Amino acid sequence: MASGTHDKSLLTARRLLEETSPAEAEQLPSLPSGFYDAFVLKGIRVVQALQPGTLLCHFTVPSRLLNSGGFLHGGATASLVDLVASAAFTTAGLRTRGSPLEMNISYLDAAFADEEIDIEAKVLRAGKAVGVAVVELKKKSGKLIAQARYSKYLGAASSKL
């Protein structure tokens with residue numbers, strides 16, 4: 001991927017993840033719209049697209065996403081996996097209009113309020129209709145919080161049903 005295209009993909013990922021407000025979310029063509037996405041994503045920072053299809057983000061866990069045990073809610077983790085993986089597909093120049101097909105998440109440790117974590121997504125394979133990515137949420141120490149395998153329907157241009 002040419003440097004200009006790579007920079008544009010990074011800017012698109014940044015726009016999708018960092019700058020989403022409830023009003024703006026409805027105008028974005030590549031991610032689901034609505035309040036919930038902006039609620040989950042508020043505070044995420046796109047650090048870099050290491051290469052096409054790989055995206056690194058920093059996220060400070062807000063208290064609004066904690067469960068009754070006082071740590072990052074599993075549903076919020078799943079939403080972060082979905083949204084950051086979708087943005088990683090955009091860094092590879094792929095469409096992300098489709099729906100998630102499958103998510104398998106291993107919850108390995110807890111993240112607490114105000115803890116800074118890294119979220120890294122890497123596209124493993126992208127075909128004409130389906131893409132597969134892995135996403136890891138890690139503490140700054142490198143300890144895994146969650147590891148996910150994620151597959152998504154990428155929205156093939158035409159269907160012959």
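Okay, straight to the β5 and β6 pairing: nine bridges join β5 to strand β6, residues 144-153, and the two run antiparallel. If you want a register point, lysine 138 stands opposite leucine 144 in β6. The two strands form a hairpin with four residues between them, and in that turn glycine 142 has a positive phi of about 100°. Keep in mind throughout that this is a predicted model.

Now the other side of β5. Strand β4, residues 116-126, is joined to β5 by nine bridges, again antiparallel. Here alanine 126 stands opposite glycine 131 in β5, and a hairpin of three residues makes the connection from β4 to β5.

So what do the two faces of β5 look like? β5 covers residues 130-139. On the covered face you find Gly131, Ala133, Val135, Leu137 and Lys139. The uncovered face has Val130, Val132, Val134, Glu136 and Lys138. Have a look at those valines on the uncovered side when you rotate the model.

Let's zoom out to the whole sheet. It is an open sheet of six strands, in the order β1-β2-β4-β5-β6-β3, with antiparallel pairing. At the edges sit β1, 44-51, and β3, 100-107, each of which pairs on one side only. From one strand to the next, the twist averages 20°.

And what packs on this sheet? Helix α4, residues 74-91, does, and it touches β1, β2, β3, β4, β5 and β6. The direction of α4 makes about 55° with that of β6.

Let me walk through the remaining pairings. At the β1 end, five bridges join β1 to β2, antiparallel, with glutamine 51 opposite threonine 54 in β2. Their hairpin has two residues between the strands, and glycine 53 there takes a positive phi near 90°. Next along, β2 and β4 pair in the antiparallel sense over seven bridges, and phenylalanine 59 stands opposite isoleucine 117 in β4. As for cover, β2 is mostly covered, with six of its seven residues buried. At the other end of the sheet, β3 and β6 pair over seven bridges, also antiparallel, and serine 106 stands opposite glutamine 147 in β6.

On to the inside. The largest nonpolar core has 38 residues. Which residues have the most contacts inside it? Those are Leu17, Ile44, Leu55, Ile117, Ile119 and Leu137. The elements that give two or more residues to this core are α1 (3-18), α3 (35-41), β1, β2, α4, β4, β5 and β6. The largest share, ten residues, comes from α4. That fits the general picture: in soluble globular proteins, nonpolar side chains tend to be buried together.

One residue I'd click on is valine 123, in strand β4. Is valine 123 buried or exposed? Valine 123 counts as buried, because its relative accessibility is 16%, and the cut-off for buried is under 20%. Leaving out residues up to four places away in sequence, valine 123 touches Gly53, Ala88, Phe89, Val132 and Ala133. Its C-alpha atom is separated by 8.8 Å from that of valine 135, twelve residues apart along the chain.

Now the loops. There is one aromatic pair by the rule used here: phenylalanine 71 with phenylalanine 112, edge-to-face, 6.3 Å centre to centre and 80° between the planes. Phenylalanine 71 lies in the loop between β2 and α4 and phenylalanine 112 in the loop between β3 and β4, so the pair ties together parts that are 41 residues apart in sequence. Both rings belong to partly exposed residues: phenylalanine 71 is at 31% relative accessibility, and phenylalanine 112 is at 41%.

The loop between β3 and β4 also holds aspartate 114. Aspartate 114 has a positive phi of about 70° although it is not a glycine. Most residues other than glycine have a negative phi, hence the flag. Aspartate 114 counts as exposed, because its relative accessibility is 64%.

Last thing, confidence. The chain averages a pLDDT of 83, and 79% of the residues score at least 70. The stretch to watch is residues 25-32, where pLDDT stays under 50. For those residues the model has 15 contacts beyond four places in sequence. Where pLDDT is low, the predicted coordinates should not be read in detail. Okay, that's me done.

Terms used. Residues are numbered from 1 along each chain as its sequence is written. Side-chain values use heavy atoms; hydrogens and water are left out. Buried means under 20% relative accessible area, exposed over 50%, partly exposed in between (1.4 Å probe, protein chains only). Two strands pair if DSSP finds at least two bridges between them. Axes are lines fitted to C-alpha atoms, for helices over the stretch in contact, and angles run from 0 to 180 degrees between N-to-C directions. Contact means heavy atoms within 4.5 Å. pLDDT is the predictor's confidence in each residue, from 0 to 100. A nonpolar core is a set of buried Ala, Val, Leu, Ile, Met, Phe, Trp, Tyr and Cys residues joined through side-chain atoms within 4.5 Å. Rings of Phe, Tyr and Trp (its six-membered ring) pair if their centres lie within 6.5 Å; planes under 30 degrees apart count as stacked, over 60 as edge-to-face and the rest as tilted.
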